[in-house]
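User: I would like to go through this structure by question and answer. Please start with any term I will need.

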Amino acid sequence: MTHLTRNLIILIFIIVFIMAFSGSYLSLSIDNLAYVLAIGIDKADNDNLQVTFQFSTTTQATESGSSEKAPSVVNSVKSSSISSAINLLNGYMGKQLNLSHCKVIIFSEELALDGISEEVYTLINDTQIRPSANIVISKCPAKDYIEQTSPELENLISKYYEIFTNSSKYSGFTADSTIGKFFNNLICKMYQPTAILGGLTTKDLDSESNLDYHENNSIKSNNAPIQGENGAENIGMAAFYRDKIVGELTALESIAYLTLEDDINRFLISIPDPKNTGRYLDIYISPTKSPKVKIDTSTSSPFIQMELKFSGQIYSMSDNSEYLNTDILNEISENCNQYLETLFSNYLYKTSKEFKSDINGLGKYALKNFFRTEEFDNYDWHTNYRNAFFDVKVDTTVKSGMLITDT
Amino acid sequence: MTKSKIGTLEAIMLILSIVVTHTILSLPREVTVNTKSAAIINLIFVSILAIIISYIIVKLLKNFPGSDIIDISEVLGGKALKNIIGGIFIVYFLVTTSILLRNFSESLRIIHYPMTNIIFILFLFIIALCSANRLAFNASLKTNLLIIPFVLVSMVFLFFANMNKFIPERIFPIFGDGLISTFVLGIGNLSSFAGIAFLYFLPPYLKKPEKLKKIAVISTGISAIYLILCVSTLLFMFSFFITTNEITPLYNATRYIEFGSFFQRLESAFLLIWTLAFACYLSIVTKFCMSIFQKLTNIETKKPLIDIFGLLILAIALVPKDYSISSNFETEIYPYLVLGIVFFLSLSILILANLQKRKQKKSA
């Protein structure tokens, strides 16, 4: 083969390959793509879905160099499925919708009551959707949630979506529930899925004055005493049985959920002050060990024993406080134990009796009681979890205050 | 034929390349599906068996220094058996490699090139294997020596990076589907150690043939650790691989790696490393196929065979009408081919040849 023929063949090959792969590259060209940041899915009439897409637009830089908030574009489509909604919008926008930067998927509570497995399966089947995209169950229409989401401290809404679940590590008021985890739990024999509970912020703070935030920390999305520019809020969690929503967790119950998941660094609780009746102490609680769980599956009513260990630091301060006094600290620790034992017991019985759903996957601790998968399947964990009994033991060591120890 | 020699480390990586490439696709999932929660125990059991078998193979090969399975077949059954065994191995290597190539290319197409015809993706690999085989004998082996450690390290990284998502309790119930399923039917997972096939062909190529035992034990041991890491990652992370099939389960695991908002989307890096490992594997397998063919036909040079074998692989890869057929071949037929050819047929020939030799010695 002459040098010229060889070069000619190589050239032909290069041209053929450029043509062959250009289709794939063109379809991924930034000019042809519309990046979706959030998808909202609502129930529409005639078994249809109303799918809302939020897109990013480029940031406009001013002459002074400071950047303004990048406005986002929200479009809605009514269709029979998510894929046909995407297809419709592809045509409408003249660009291909790309879901690789989609950070949040919002389902309306109304749709979640009917089941969302079809939508979750479709989304997880998409190569572009990241398993880390968060799932939010909105107590309002998903479209309203998207429209009302307006981060106050971020110019880019995508940045807000990226970080809004970070607070779960130190507040515990919601969890970092992702579609990957949701799908995994949907199919799992030991777990049931959960999602973030979303809603709209209260416009009038006075209307929520009947809530006692010390005694019954029952705040959750749509009734949280928060007023701000951001119209959407994410407090509490949605509990599922299979693909249907079965209940909601308040902020405090979300803390219990995250503690049992061993997915929280610290949280704040308010317990009655042993020295001043009617007053409350705010204490930062940090889990010191992973929860120890033992399950007796000898009967069809599993007996679940749980040991939890925490350390605490007193945050609130008033005059006449003695936070270096061992007796006082022991008394506070004992109060913490009682408070937390009640919290965890109530939470567990709520999941078992009210939700009938093992959202913490306690079934995984029962697995070692069986030698064969078939034996565990026959035990029918999800059904028997409804008959479960719990014994929670909490050991809290409140160490001291923070900067000030005595006043 | 034996002008170019293979070093000990190169030989170890050569054996590992088969395990590595099959693990990228459906192998870990198949192990998990077959044995469920007992997958790790089963792999430990099967690994011990694989090490024993590879040790036996080395012992049996010792009586035929410098000979591979083709030469030994000739000793045992003359030219006819030599041609049959040679033909079987050529077909085995070509078919399994082609189908694996098809499956990997299909995965690449789904993930990265949705608008590209599969033939062009396949062709890229064929060009790579033809080019590599035109270079010196050791070129692709040395490249393999560089790439495989990256794959091994990437898998260790994958395991540790996802560790916070693990649910170790998934190792229970300890015996999965039962003792029979784990320790009797589970022996089928021996097919994961298909790399042992190269042991039969290595003796004439080794720089230090006395190191064959070391090569066999180390490569099987590393394969075992590697497989356990891959299977553990899937078993501890996901509940759905038992009921749901994904094209590349380990790729799915790579999508979960995130370190804050800065260090994300590492799956592309994994795919790049795997693609390189795949290209190396293809060129090595083709090289061995050509060597067997040369041995059978006594042709002087292998160079004219390169394009023919490349096109053969392309043609076989295009035979399955769609991904479901090629995927089925990999999960339903491939394990039996490995068990039948690598562990039964070849081992039987070695045993029979050794018995024959012993008989001849006695009669002499």
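Analyst: One definition comes first: helices are DSSP runs of at least four residues, numbered from the N terminus. The model discussed here is predicted.

User: Which residue takes a positive phi just after H2(A)?

Analyst: Helix H2 of chain A covers residues 82-93. Just after H2(A) comes a residue with a positive phi of about 70°. That residue is Gly94(A).

User: How far apart are the end C-alpha atoms of helix H2 of chain A?

Analyst: Helix H2 of chain A has 12 residues, and at 1.5 Å a residue they should span 16 Å. The distance in the model agrees with this: the end C-alpha atoms are apart by 16 Å.

User: Within what arc do the buried residues of H2(A) fall, seen down its axis?

Analyst: A residue is buried if 20 or more other C-beta atoms lie within 10 Å of its own. In H2(A), Ile82(A), Ala85(A), Ile86(A) and Leu89(A) are buried. Seen down the axis of H2(A), the buried residues line one face of the helix, because they fall within an arc of 100°.

User: Which helix of chain A is included in what covers the buried residues of H2(A)?

Analyst: The cover includes strands S1 (33-43), S2 (49-55), S3 (73-79) and S4 (96-98) of chain A. It also includes a helix of chain A, residues 117-125, and this is H4.

User: Along strand S10 of chain A, which side chains point to one face and are buried?

Analyst: In a regular strand the side chains alternate between the two faces of the sheet. Strand S10 of chain A, residues 267-272, shows alternation: Leu268(A), Ser270(A) and Pro272(A) point to one face and are not buried. Those that point to the other face and are buried are Phe267(A), Ile269(A) and Ile271(A).

User: Which residue in S11(A) does Leu268(A) stand opposite?

Analyst: S10(A) and strand S11 (residues 280-287) of chain A run antiparallel, joined by six bridges. In S11(A), the residue opposite Leu268(A) is Tyr284(A).

User: Which residue in the turn between S8(A) and S9(A) has a positive phi?

Analyst: S8(A) and S9(A) pair in the antiparallel sense over five bridges, and Tyr241(A) stands opposite Lys244(A) in S9(A). The two strands form a hairpin with two residues between them. In the turn, the residue with a positive phi, about 55°, is Arg242(A).

User: Which element gives the most to the side of domain 1 of chain A that touches domain 2 of chain A?

Analyst: The domain assignment of chain A gives domain 1 as 13-61 + 68-263 and domain 2 as 266-407. Their contact takes 23 residues from domain 1 and 25 residues from domain 2. Strand S8 (232-241), strand S9 (244-249) and helix H8 (251-260) of chain A each supply at least two residues of the domain 1 side. The element that gives the most, with seven residues, is H8(A).

User: How many charged residues are on the side of chain A that touches chain B?

Analyst: The contact between the chains takes 28 residues from chain A and 29 residues from chain B. H1(A) gives the most to the chain A side, with six residues. By class, that side has 13 nonpolar and eight polar residues, and the charged residues number seven.

User: Is Ser154(B) buried or exposed?

Analyst: Ser154(B) lies in helix H6 (residues 139-161) of chain B. Outside its neighbours within four places in sequence, Ser154(B) is in contact with Phe270(B) and Ile273(B). Because it has 21 other C-beta atoms within 10 Å, Ser154(B) is buried.

User: Where is Pro173(B) found?

Analyst: The peptide bond from Phe172(B) to Pro173(B) is cis, with omega near -10°. Most peptide bonds are trans. Pro173(B) is found in the loop between H6 and helix H7 (179-183) of chain B.

User: Is Asp380(A) buried or exposed?

Analyst: Asp380(A) has its place in the loop between H11 and helix H12 (381-384) of chain A. Its phi is near 55°, a positive value in a residue other than glycine. A residue is exposed if 12 or fewer other C-beta atoms lie within 10 Å of its own. Asp380(A) has 11 C-beta neighbours inside 10 Å, so it counts as exposed.

Conventions. Residues are numbered from 1 along each chain as its sequence is written. Chains are lettered from A and ligands numbered from 1 in the order in which they are written. This is a predicted model: local features need pLDDT of at least 70, side-chain atom pairs count only at pLDDT 80 or more; totals for chains, interfaces and linings use all residues. The expected span of a helix is 1.5 Å times one less than its number of residues. The arc is that of the directions from the helix axis to the C-beta atoms. Two residues are in contact if their C-beta atoms, placed from the backbone, lie within 7 Å. Two strands pair if DSSP finds at least two bridges between them. Domain bounds come from an automatic or database domain assignment. Ala, Val, Leu, Ile, Met, Phe, Trp, Tyr, Cys and Pro count as nonpolar, Asp, Glu, Lys and Arg as charged, and the others, Gly among them, as polar.
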